[in-house]
Amino acid sequence: MSDLGDWFRSIPAITRYWFAATVAVPLVGKLGLISPAYLFLWPEAFLYRFQACYLPWVILGFNYIIGGSVINELIGNLVGHLYFFLMFRYPMDLGGRNFLSTPQFLYRWLPSRRGGVSGFGVPPASMRRAADQNGGGGRHNWGQGFRLGDQ
């Protein structure tokens, strides 16, 4: 029996726990110690179990479970909340001054583009300008037209 125990202790920790869980969890469910319904992943409960406002804290919990640095997650949550408060809540809701603004060099490197989507069936503005400069862009000129009843 010591050979099996030595082998089990010699495998890496993650593999050891994964192997133990793959043996223990089905066995516990089969023996009826817990309901097998708890062994299934219910996507509705998992994907819809929490609201969006709790997402940073859920990520912090997952990071804690997998052994990550909780301090880094807490600092990230604090910085994110501070940014949101100083950028939006304080100036807009409380009437305070704007402490944060995007540096101008970022606007030069990455200009803001508005729109980009025209109406249905309408070409983008750059294509319309090119068509107007080319005399209609190859379309047939039907003339000026007349209103019915006018001669």
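**Exercise 1.** Determine which residue just after α5 takes a positive phi, and describe the helix that precedes that residue.

*Solution.* Just after α5, Gly95 has a positive phi of about 75°, in what is a predicted model, where local features need pLDDT of at least 70, side-chain atom pairs count only at pLDDT 80 or more, and totals for chains, interfaces and linings use all residues. Residues are numbered from 1 along each chain as its sequence is written, and side-chain values use heavy atoms, with hydrogens and water left out. Helix α5 spans residues 70-93 and bends by about 40° at Phe85, the bend being the angle between axes fitted to the seven residues ending there and the seven starting there. Helices are DSSP runs of H or I with at least four residues, strands are runs of E with at least two, and both are numbered from the N terminus.

**Exercise 2.** Identify the buried residues of α5 and what they pack against.

*Solution.* Asn77, Met87 and Pro91 are the buried residues of α5, where buried means under 20% relative accessible area (1.4 Å probe, protein chains only). These buried residues pack against α4 (55-65).

**Exercise 3.** Characterise how α1 and α2 cross.

*Solution.* The axes of helix α1 (residues 2-10) and helix α2 (residues 13-30), which are lines fitted to C-alpha atoms over the stretch in contact, with angles running from 0 to 180 degrees between N-to-C directions, come within 8 Å and cross at roughly 120°. That makes α1 oblique to α2. Trp7, Phe8 and Arg9 of α1 make the contact with Arg16, Phe19 and Ala20 of α2, contact meaning heavy atoms within 4.5 Å.

Methods: Buried means under 20% relative accessible area, exposed over 50%, partly exposed in between (1.4 Å probe, protein chains only). Angles under 35 degrees count as roughly parallel, over 145 as roughly antiparallel, 65 to 115 as roughly perpendicular and the rest as oblique.
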